[in-house]
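Student: Please pick one part of this model and go through it closely. I am new to it, so a single connected answer would suit me.

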Amino acid sequence: MINKQKKKIVIIGAGFAGITTAARLAQSGLFDITLVSPQAHFEYYPGLYRIMSNHIPFEVFVPLRYLIPSSVVWIQDRAISIDVTSQSIMTATHGACTYDELIIAVGSQPNDFGIPGVSQYAHFVSSLAHMLEAKRDIALALQQHRDAQ
């Protein structure tokens, strides 16, 4: 239930920053918090290596419902626009969501810093999809090496 006396905070993104911020703000009891994320799970990046070593990494994917405090409203949707004048965000399917304060915690993009060959030969590992792509490419390279012998 939204309390009219509390500031309404909307957090876009449920990675490390979004989850941690939501949890800490919820502990204070001073805010009504809404978390917007299309993902149903949190990807624990430090555990992604387990996929490369053929482990079934249950700890890599944690359902958000286990991490989000019960006082936080979770909208499983993608934010598609922000209107700072009306202090609202628009989501893909749930419509508008107003806020007093907005926190954008949508993650980062890898950067090769213009180093020649990095984007061509390196794998940036920041998600399951990236890890599976790297694993596939390594397996392919090993197979090609074996076939060449």
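Tutor: Buried means under 20% relative accessible area, exposed means over 50%, and partly exposed is in between (1.4 Å probe, protein chains only). The model is predicted, so local features need pLDDT of at least 70 and side-chain atom pairs pLDDT 80 or more, while totals for chains, interfaces and linings use all residues. Residues are numbered from 1 along each chain as its sequence is written, and side-chain values use heavy atoms, with hydrogens and water left out.

The part to look at is the set of aromatic rings around Phe42. Phe42 is buried, with a relative accessible area of 8%. There are two aromatic pairs in the structure (ring centres of Phe, Tyr or six-membered Trp rings within 6.5 Å; planes under 30 degrees apart stacked, over 60 edge-to-face, the rest tilted). In one of them, the centres of the Phe16 and Phe42 rings are 5.1 Å apart and the planes stand at 90°, so this pair is edge-to-face. Phe16 belongs to helix 1 and Phe42 to strand 3, residues 41-43 (DSSP runs numbered from the N terminus: helices H or I, at least four residues; strands E, at least two), so the pair ties together parts that are 26 residues apart in sequence. Unlike Phe42, which is buried, Phe16 is partly exposed at 42%.

The other pair joins Phe16 to Tyr44: the ring centres are 6.0 Å apart and the planes are at 65°, so it is edge-to-face. Tyr44 sits in the loop between strand 3 and helix 2 (49-52), while Phe16 lies in helix 1, so parts 28 residues apart in sequence are tied together. The relative accessible area of Tyr44 is 33%, so Tyr44 is partly exposed. Through these ring pairs Phe16, Phe42 and Tyr44 form a cluster.

From the cluster one can step inward by way of Ile19. Leaving out neighbours within four places in sequence, Ile19 is in contact (heavy atoms within 4.5 Å) with Phe42, and also with Ala14, Leu35, Leu64, Leu67 and Ile68. Ile19 is also part of the largest nonpolar core (buried Ala, Val, Leu, Ile, Met, Phe, Trp, Tyr and Cys joined through side-chain atoms within 4.5 Å), which has 13 residues. Those with the most contacts inside this core are Ile11, Ile19, Ile33, Leu35, Leu64, Ile68 and Val72. At least two core residues come from each of strand 1 (7-12), helix 1 (16-28) and strand 2 (31-36). Helix 1 contributes the most, with four residues. Another core lies apart from this one; it has seven residues, including Ile75, Ile89, Cys97 and Tyr99.

Ser37 touches members of both cores. Ser37 is in the loop between strand 2 and strand 3 and is buried at 4% relative accessibility. Not counting residues up to four places away in sequence, Ser37 touches Leu64 and Ile75, as well as Gly13, Ala14, Trp74, Gln76 and Asp77. A polar atom of the Ser37 side chain lies 3.3 Å from the backbone nitrogen of Gln39.

Finally, strand 1 has a link of another kind. The side chains of Lys7 and Glu101 form a salt bridge (side-chain nitrogen of Lys or Arg within 4 Å of a carboxyl oxygen of Asp or Glu), at 3.0 Å from N to O. Lys7 lies in strand 1 and Glu101 in strand 9 (residues 101-104), so this pair ties together parts 94 residues apart in sequence. Lys7 is partly exposed at 40%, and Glu101 is partly exposed at 38%.

Methods: Polar contact = N/O pair within 3.5 Å; in protein donor to acceptor, adjacent residues only side chain to side chain.
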